[in-house]
Amino acid sequence: MRNNMRAMEKSKRGIGGVLRELFTYSSKMTLPTVIALLFAIAGAVLTIVGPNLLSQITDLISDSLTGEIDLAAIGHIGVQLLIIYGLSAVFTYVEHFIMATVTLELSRDLRRDLSRKINSVPMGYFGKVSYGDILSRVTNDVSTLQQALANSMPSIISAVTQFVGCLIMMLVTEWRMALAAIAVTVLGFLIMALVMLRSQKYFTARQQNLSTLNGYIEEMYSGHDVVRISRANRQIKKTFGDMNAVLYDAEWRSQFLSGIMQPLMTIVGNLGYVVVCVLGAALAMSGEISFGVIVAFILYVRLFTSPLSTLAQGMTQMQTAAAAGDHIFDFLHEEELPDETGKRGAADQIRGEVVFDHVQFSYPDNPDKVIIKDFSAHVQPGQKVAIVGPTGAGKTTLVNLLMRFFEPTSGTIFIDGVPTAEMTRESVHDLFSMVLQDTWLFEGTVRENLVYNQEGISDQQLEAACRACGIYHFIETLPKGFDTVLDDSIAISAGQKQLLTIARAMVQGHPMLILDEATSSVDTRTEQITQRAMDRLTEHRTSFVIAHRLSTIKNADLILVLKDGDIKEQGTHEELLAKGGFYADLYNSQFEKVS
């Protein structure tokens with residue numbers, strides 16, 4: 001299994017760092033966010049005014065115990081309260097609406113750029129990070145970040161505003177009771193700071209372990225048939241159980257530490273009530289304050305301590321957002337393929353002459369291990385070139401260099417006299433059709449799979465390609481023919497999948513062709529049909545065929561025999577057999593195995 005723990009070594013930005021990244025990434029979210037936060041502040045300020053008006057009503061009622069009740073004054077204050085709380089509700093709605101819109105647009109842009117990034121990083125990146133890890137960043141991490149930002153940022157700003165506003169109002173109303181409430185609140189801040197310091201690492205570990213688990217699940221299910229055949233269920237379950245336990249531990253610790261913040265803040269708030277009631281009663285009995293001040297302070301204490309709970313919950317969500325944001329921006333900051341602005345495209349008419357001039361190659365993450373040592377070859381237009389050799393000889397690597405999936409360490413590859421390094425990757429890719437050993441079909445109709453990314457393909461072209469590959473009879477048996485959706489309800493063998501990908505290459509009609517073990521999944525009879533189709537497909541096209549079954553490349557115009565990154569022999573099938581060298585040994589050994 002590929003190692004995902006590289007992410008554990010990444011620098012952690014923290015909440016502030018992730019927010020800076022976000023606003024740098026999407027400057028257009030700055031103004032709407034500021035407006036939303038201003039609405040949050042306005043709503044919090046209006047909420048703070050309420051207790052002062054309620055204290056006035058309390059004083060009016062208490063004064064009426066010895067006289068008449070001033071209903072007009074009470075009604076006037078009641079109308080003010082309705083207006084204030086109504087406006088506060090409207091401001092809160094507007095603030096939440098703006099933040100939801102901003103964060104949804106942000107998540108849309110992040111997914112778009114993550115998708116673009118997948119096509120921009122070097123191919124070597126996918127050898128270090130599993131597909132499940134990348135999938136987790138595009139889906140889980142972006143959703144987590146969006147939800148946390150939408151729910152927490154306005155709440156935190158509103159809570160801070162409410163906290164500061166209440167503090168000012170309390171100091172103005174009765175400074176001694178305010179100081180008593182502040183002393184209790186400081187304890188709450190200390191608790192919250194301690195819990196946050198302890199819990200952040202667990203939120204980060206949770207996101208990383210979740211990606212690791214996703215990657216493992218993706219790999220195991222993609223190779224589920226091998227797992228079943230190898231009877232590795234017990235081992236898989238144990239490995240999965242260990243990963244799940246690590247994720248559970250990080251999840252439990254992060255949730256436990258964040259979960260205790262709410263009840264602790266509730267205790268702090270209740271303690272504040274007690275302090276205010278006791279001190280307020282003493283001051284009221286001495287005649288220094290009115291009963292309405294006590295009522296106002298009780299409300300202020302609630303408004304003063306409730307932000308602590310809101311802050312605790314909001315900071316918990318922001319910690320989750322920081323962990324998810326780290327994961328996202330780590331990927332977005334990965335090194336991309338070099339910019340190709342100014343490079344030429346391929347010529348309109350491609351003859352298909354290919355020259356390998358002293359090509360040498362080592363993978364970037366292991367430069368000391370030379371895969372292709374000193375490869376030189378001249379392929380004439382329209383030739384069928386077979387590349388053979390033992391496993392690890394560098395056959396597939398050579399094709400990857402030709403396609404510019406990787407760049408040679410030294411040396412040059414020419415197509416029609418033009419170095420491929422001077423051509424854009426897209427123009428190089430447009431020159432080739434590829435049929436790989438690993439078939440790839442998506443859930444869609446047969447027609448959509450065959451004409452993938454092509455336009456103007458007629459039914460006659462599809463039928464001709466499918467007949468040539470021997471797959472047309474199978475398509476005729478499908479419920480809707482070419483319009484049948486290929487999903488789990490359609491039984492299709494590995495060989496039939498391979499034939500469909502061969503037909504797709506025929507439909508593309510590109511001037512050059514790469515066949516990487518294209519007949520490995522078909523039986524002997526189907527192989528003969530496919531081989532005839534291949535012969536027609538490769539006519540007048542420069543073709544590179546990687547094959548282990550040497551019987552399939554006997555008619556090749558040129559056979560390149562690789563071993564340990566070097567060309568050991570080259571020539572036609574008959575010439576190489578006549579030499580009695582390495583190729584002859586390979587060829588004869590296959591028939592000895594058969595016999």
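Two strands count as paired if DSSP finds at least two bridges between them. Strands S9 and S10 clear that bar, with five bridges joining them. Welcome to a short tour of this predicted model, which has 18 helices and ten strands in its protein chain. Of the chain's 595 residues, 47% count as buried.

**The chain as a whole**

- Contacts here often reach far along the sequence: among those with a separation of 6 or more, 79% are between residues 24 or more positions apart.
- The accessible surface of the protein chain comes to about 29500 Å², and carbon and sulfur atoms account for 58% of that area.

**Strand S9 and its neighbours**

- Strand S9 covers residues 558-563, and five of its six residues are buried.
- On one pairing, S9 runs parallel to strand S3 (residues 384-388), with four bridges between the two. Ile-387 has Leu-560 as its bridge partner in S9.
- On another pairing, S9 runs antiparallel to strand S10 (residues 566-571). Here Val-561 has Glu-569 as its bridge partner in S10.
- S9 and S10 together make a hairpin with two residues between them. Asp-564 sits in the turn and has a positive phi of about 55°.

**Helix H13 and the glycine after it**

- Helix H13 spans residues 459-469, and its buried residues include Leu-462, Ala-465, Cys-466, Ala-468 and Cys-469.
- The buried residues of H13 line one face of the helix, because they fall within an arc of 160° when seen down the axis.
- The helical repeat helps in picturing this: an α-helix has 3.6 residues a turn, so residues three or four places apart point the same way.
- Gly-470 follows H13 and has a positive phi, near 75°.

**Aromatic pairs**

- A search of the whole structure turns up 13 aromatic pairs.
- Tyr-93 and Phe-97 have ring centres 6.3 Å apart and planes at 25°, so this pair is stacked. Both residues belong to helix H3 (residues 71-118), and because they are four residues apart, about one helical turn separates them. Tyr-93 and Phe-97 are both exposed.
- Tyr-125 and Phe-331 form a tilted pair, 5.4 Å centre to centre with 35° between the planes. This pair links distant parts of the chain, 206 residues apart: Tyr-125 is in the loop between H3 and helix H4 (131-173), while Phe-331 is in helix H9 (residues 291-332). Tyr-125 and Phe-331 are both buried.
- Phe-356, Phe-375 and Phe-544 come together as one aromatic cluster.

**Ala-321 in helix H9**

- Helix H9 also holds Ala-321, which counts as buried because its relative accessibility is 1%.
- Ala-321 and Ile-15 are 306 residues apart in sequence, yet their C-alpha atoms are 7.6 Å apart in space.
- Leaving aside neighbours within four places in sequence, Ala-321 is in contact with Val-18, Leu-145 and Ala-148.

**Positive phi outside glycine**

- His-358 is not a glycine, but its phi is positive at about 50°. This residue is found in strand S1 (residues 354-362), and it counts as partly exposed because its relative accessibility is 48%, and the exposed class begins over 50%.
- Arg-404 is another residue other than glycine with a positive phi, near 65°. Its place is the loop between helix H10 (395-402) and strand S4 (410-415), and at 3% relative accessibility Arg-404 counts as buried.

**Thr-424 and its contacts**

- Thr-424 lies in the loop between strand S5 (418-419) and helix H11 (425-429).
- With a relative accessible area of 16%, Thr-424 is buried, since buried means under 20%.
- Leaving aside neighbours within four places in sequence, Thr-424 is in contact with Glu-340, Lys-343, Arg-344 and Arg-404. The last of these is the arginine with the positive phi near 65°.

Notes. Residues are numbered from 1 along each chain as its sequence is written. This is a predicted model: local features need pLDDT of at least 70, side-chain atom pairs count only at pLDDT 80 or more; totals for chains, interfaces and linings use all residues. Side-chain values use heavy atoms; hydrogens and water are left out. Buried means under 20% relative accessible area, exposed over 50%, partly exposed in between (1.4 Å probe, protein chains only). Contact means heavy atoms within 4.5 Å. The arc is that of the directions from the helix axis to the C-beta atoms. Rings of Phe, Tyr and Trp (its six-membered ring) pair if their centres lie within 6.5 Å; planes under 30 degrees apart count as stacked, over 60 as edge-to-face and the rest as tilted. Accessible areas come from the Shrake-Rupley method with a 1.4 Å probe; for residues, only the protein chains shown count as cover.
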